[in-house]
Amino acid sequence: MTSRHRRKSRTVDGGEDAVSFFSDLFRRKETSAQVAKERLLTVLVHDRVKLTPEALESFKTDLAELIQRYFPSVQPSEIEVSLLREHTSDRLKADIPLRRALD
Amino acid sequence: MARVITVTSGKGGVGKTTTTANLGTALAIQGARVVVIDADIGLRNLDVVMGLENRIVYDLVDVVEGRARLRQSLIKDKRVPELYLLPAAQTRDKDAVSSDDMIDLTNQLRQEYDFVLIDCPAGIETGFKNAIAGADEILIVTTPEVSAVRDADRVVGLVEAAEKGPPRLIINRLNPRLVAKGEMLSMDEVVEILALEPIGVVPEDEHIVSSTNRGEAAVFNQSSQAGRAFHNIARRLNGEHVPLLEPTEQNGVFDRLFGGLFGRRART
Ligand SMILES: Nc1ncnc2c1ncn2[C@@H]1O[C@H](COP(=O)(O)OP(=O)(O)O)[C@@H](O)[C@H]1O
Ligand SMILES: [Mg+2]
C-alpha cells in the first residue's frame, strides 16, 4: 500500500491509522541515500557469507526448534534473525524475546 | 623499483580506464617514470582515452607471444616525457595471456620505471585475475551507487584472498549537489560501507567527456575538478599528505569564482 492510499483511509481519531500515517511521514523523510546505505549493508553481508535466503530460512527453523527445547515459552514467530553490518564487523544477530515460563 | 598498481572495480563503466589514464599522466607530470598497461584484452580502450591510438604497432599479446620485445611495444606519450602505454590486443582469445605472463611482464618493467599502472577489465574472471597477478597494490574504483559498491565489495574479497593487502578506494563521479540533497551516497557513507581506506574522491565532471573526446587526460585541464582530484590522488600515492575532504557544492562554486584569485583549490 502506498503512503497516499494510507493517508486517504486515515480516520481523525483512528489510533492505528494515525500511527501508520506518522510512520509513513517518517519514512518519506528517509532519503534515497539512506535507503541505499541500508540496502547495501544488508546485501553485502549476505554476499560475504554466501548464504542463500533459503538457507537462512532453514537456519531460523532449526534455531527456533533448539530454543524451544530450552525455553518452551518462547514464541517461534517472535524470533528475529538478521545478518548485519555494524561499524566494520559483520554479525549474525538473533533477537529472542523471552516470556515468563508457566509453572 | 616500480610499484605495480592495478586499477579495478568489478562493475564496468565506473571509471577504471579514465582513472588509469589520468593517474598515470599525473604521476608522470609530477616527475615519475610511468608505464600504463591496458589489460582489457579484446576491448582496447586506454589508447583512445590517452590519444595514442594511431601510434600502436605492437600490443600486450605480441609481447607475451614473443613477436615483439617489450621495449619496442611501449608507446611514448605525446606530451609527457617518461609516460608509456602498453596497449591491449584486440584478439578475441581471452586466454592469450596468463597470470604468469603478467608477473613476468611487470617484473621486467619494475627495473626501469617508478610506477606501472594496470587498467583491469570489468568482471572477476580470468582477465581480472591476470590483471592483479603482478600487482603490489590495488586501487578499487567505485561510483556512489548500490550496484557499483556491491561489486566493489566482491572484488575486495578476491583481492584479499589473493593476498594483495588491503586495497584503497577511489570514489568516482560523486555529485556533491545530489549528496547534499540526500539523493546520493556520500564519500563517508561509501567508505563506511566498504570499510576501505579512501585515496581519493573524483567528482562528476563534464571535462572528462571533452578530454576523452580529444584524447587528452583531464589532468592537463586546469579548470577540471576531476583533473585536480586525480593530481591529488597521484600525490597521495607518492606518500604526500593531501587532506581528503568530502567535496561540497560550495567549494566547487567557490573554486570556480575565486580559485584563481586566491590560489585555493578544492581538495577532492
Ligand atoms: N568523473 C567523471 N565525470 C564524468 N564522466 C566520467 C567520469 N569518470 C568516468 N566518466 C565517463 O564514464 C564512462 C566510463 O568510464 P571508463 O573509464 O571507460 O570506465 P571503465 O574503464 O571502468 O569501464 C566514460 O564515458 C567516461 O568518460
Ligand atoms: Mg575500461
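User: How much area is buried between chain A and chain B?
Analyst: Heads-up: this is a predicted model, where local features need pLDDT of at least 70 and side-chain atom pairs count only at pLDDT 80 or more, while totals for chains, interfaces and linings use all residues. Residues are numbered from 1 along each chain as its sequence is written, chains are lettered from A and ligands numbered from 1 in the order in which they are written, and side-chain values use heavy atoms, with hydrogens and water left out. Buried area is the accessible area (1.4 Å probe) that two parts lose on being put together, summed over both. Carbon and sulfur atoms give 58% of it here, and the total between chain A and chain B is about 1300 Å².

User: How many residues of chain A are in contact with chain B?
Analyst: Contact means heavy atoms within 4.5 Å. By that rule chain B brings 15 residues to the meeting. On the chain A side, the number is 16.

User: How many residue pairs in polar contact are there between the two chains?
Analyst: A polar contact is a pair of N or O atoms within 3.5 Å; within protein, one must be able to donate a hydrogen and the other to accept it, and residues adjacent in sequence count only if both atoms are side-chain atoms. Both residues also have to be at pLDDT 80 or more. Between chain A and chain B, that leaves a count of 7.

User: Which helix gives the largest share of the side of chain A that touches chain B?
Analyst: Helices (H or I, at least four residues) and strands (E, at least two) are DSSP runs, numbered from the N terminus. The winner spans residues 32-49 and supplies 11 residues. That's chain A's helix α3.

User: How many charged residues sit on that side of chain A?
Analyst: Ala, Val, Leu, Ile, Met, Phe, Trp, Tyr, Cys and Pro count as nonpolar, Asp, Glu, Lys and Arg as charged, and the others, Gly among them, as polar. Sorted that way, the residues touching chain B include 6 nonpolar and 4 polar ones. The charged group comes to 6.

User: Which residue of chain A meets D153(B) in a salt bridge?
Analyst: A salt bridge is a side-chain nitrogen of Lys or Arg within 4 Å of a carboxyl oxygen of Asp or Glu, and there are 3 between chain A and chain B. In this one the N to O distance is 2.4 Å. The pair crosses between chains, running from helix α7 (residues 146-161) of chain B to helix α3 of chain A. The chain A partner is R48(A).

User: Is D153(B) buried or exposed?
Analyst: Buried means under 20% relative accessible area, exposed over 50%, and partly exposed in between (1.4 Å probe, protein chains only). R48(A), at 33%, is partly exposed. D153(B) has a relative accessible area of 6%, so it counts as buried.

User: How many residues apart in sequence are R3(B) and E137(B), whose side chains meet in a salt bridge?
Analyst: Their side chains come to 2.7 Å, N to O. R3(B) is in strand β1 (residues 3-8) and E137(B) in strand β6 (residues 137-142) of chain B, so the pair links distant parts of the chain. The separation is 134 residues.

User: Which residue of strand β7 of chain B also meets E137(B)?
Analyst: This salt bridge has an N to O distance of 3.4 Å. The β7 partner (the strand covers residues 168-174) and E137(B) in strand β6 are 31 residues apart, so the pair ties those parts together. The residue is R168(B).

User: How many of the 8 residues of helix α9 of chain B are buried?
Analyst: The helix covers residues 187-194 and is mostly covered. M187(B), E189(B), V190(B), V191(B), I193(B) and L194(B) are the buried ones, and their cover includes α3 and β1 (80-86) of chain A together with β6, α7, β7 and β8 (197-203) of chain B. The number of buried residues is 6.

User: What is the relative accessible area of G24(B)?
Analyst: G24(B) sits in helix α1 (residues 16-29) of chain B. Leaving out residues up to four places away in sequence, G24(B) touches T19(B), V34(B), V36(B), L83(B) and L117(B). G24(B) is buried, and its relative accessible area is 0%.
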